[in-house]
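Hi,

Here is the structure I promised to pass on. Have a look at it first, and then read my notes underneath.

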Amino acid sequence: MDIESLNFLKKLLAQCGPSGFENAARRVWVQRTQKYADEVRTDVHGNAIAVLNPGADVRIMLAGHLDEIGFIVTHISDNGYLHVAAVGGIDRVTLPGSQVKVLAEKGTIDGVIGKKAIHLASPEERRKAVEIKDVWIDIGARNRKDAEKHVKVGDYASYTPNFMMLKNDLFSSKSCDNKTGAFVASEVMKRLRRRKLSVSVYAVATAQEEIGIRGARTSAYGIDPQVGIALDVGFASDTPGIDKRIVGDVALGKGPILCSGPNINPVLGKRLVEVARKKKVPHQFTTDPGVTGTDAAALQVTREGVATALVSIPNRYMHTQVETCSLKDLDNTARLVAETILTITPRTNFIPR
Ligand SMILES: [Zn+2]
């Protein structure tokens, strides 16, 4: 990965952007992606849309959701603690001991999610995972009045950025799900910038995926693509306790995961595999027997239907603060998607036959 791309990745992962409040991450994504696009626009739902070669008959949409799981402040107690609800699928086992940023109007405020000391917990309390209603964010306020000088009910919060390189090109950060997918969408534009295209390419950093795959729905309706590729993280099965009979054999560093199943157009799915083989891009396989829990679900049923695929970045520890991916996989995912787009022409027929 070149230094410009790596710096962009780090900067994107350093932003906080829970579903519905993707603003900071979106600004960073737009600022970078506009260098490699002919046009960039944002919409009322919070999506950012970059276009290369606008005006062609065939429109290909890439959807990498920009939002992450987080919190919203529901109540400020008399003691000045912030009580919260989960935005998206928070893993409550990982909550106590977390550092968070409250995204207040005047700027971000540091806080911690505390917990009763283990010494003081009853045997029963020690055994069970905390409920979200029983956790609180401590920003150091003296009382409610003091807290309200900085924070109000309705402010969002998210885990504190914590990017860290591990060995062998692996890295760990909160919100790899799915800033890595939004990153790859931008990278595809960078790779295609100087290539001859017979299609229009729309890279979309979608909003609000984590609360029900919403930004892909609105942006795809507007773009009206014939082809859609969702870029998201996918489960790696190279850690203890994961059942390969369900997830398949997926390891970090072994390339993008190509999904098959009813949510995937068979012609596009096959094309991705052919291009991966021809261009020698390492790749892995998974299946989903129903509707995937990704932007591919919305893409496929847009208007009269879109030829849809899901290309996933292998990820360990999804929805924790230490989600882990491989830089090599990000590069290979962008390369595979870019090379596949270059094979699509107005004559490519995606109707299953
Ligand atoms: Zn995701």
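**What I found**

Let's start with one pair of residues: Phe171 has Cys325 in S17 as its bridge partner. Bear in mind throughout that this is a predicted model.

Further along, Ser173 sits opposite Glu323 in S17. Both pairs belong to the ladder between strand S11 (residues 170-173) and S17, which run antiparallel and are joined by four bridges. The two strands are part of an open, three-stranded sheet in the order S10-S11-S17, with antiparallel pairing. Strand S10 (164-165) and S17 are the edge strands, each with a single partner, so one side of each has no neighbour in the sheet. As a reminder, strands of a sheet pair through backbone hydrogen bonds, either parallel or antiparallel.

So what about the faces of S17, are they covered or open? Both are covered in strand S17 (residues 323-326): Glu323 and Cys325 are buried on one side, and Thr324 and Ser326 are buried on the other. S17 is thus an edge strand of its sheet, yet has both faces covered.

Now for a helix. H5 (residues 176-192) is 17 residues long, and the distance from its first C-alpha to its last is 24 Å, close to the 24 Å expected at 1.5 Å a residue. Of those 17 residues, 16 are buried, so H5 is largely enclosed by the rest of the structure.

Stepping back to the domains, the protein is split in two: domain 1 takes in 3-68 + 174-342, while domain 2 covers 70-159. Their C-alpha centres are 31 Å apart. Where they meet, 12 residues of domain 1 contact 14 residues of domain 2. The domain 1 side of that meeting place is made up of four nonpolar, five polar and three charged residues.

And the protein as a whole? In secondary structure, it comes to ten helices and 17 strands. Its radius of gyration is 21 Å, close to the 20 Å that the globule rule gives for 353 residues, so it is as compact as a globular protein of that length. The C-alpha trace spans about 65 × 40 × 40 Å along its principal axes. Half the chain, 50% of the 353 residues, counts as buried. Finally, if you take the contacts with a separation of 6 or more, 75% of them are between residues 24 or more positions apart.

Cheers

Conventions. Residues are numbered from 1 along each chain as its sequence is written. This is a predicted model: local features need pLDDT of at least 70, side-chain atom pairs count only at pLDDT 80 or more; totals for chains, interfaces and linings use all residues. Domain bounds come from an automatic or database domain assignment. Two residues are in contact if their C-beta atoms, placed from the backbone, lie within 7 Å. Ala, Val, Leu, Ile, Met, Phe, Trp, Tyr, Cys and Pro count as nonpolar, Asp, Glu, Lys and Arg as charged, and the others, Gly among them, as polar. The expected span of a helix is 1.5 Å times one less than its number of residues. A residue is buried if 20 or more other C-beta atoms lie within 10 Å of its own, exposed if 12 or fewer, and partly exposed in between; C-beta atoms are placed from the backbone. The radius of gyration is taken over C-alpha atoms; the globule rule is 2.2 Å times the number of residues to the power 0.38. Two strands pair if DSSP finds at least two bridges between them.
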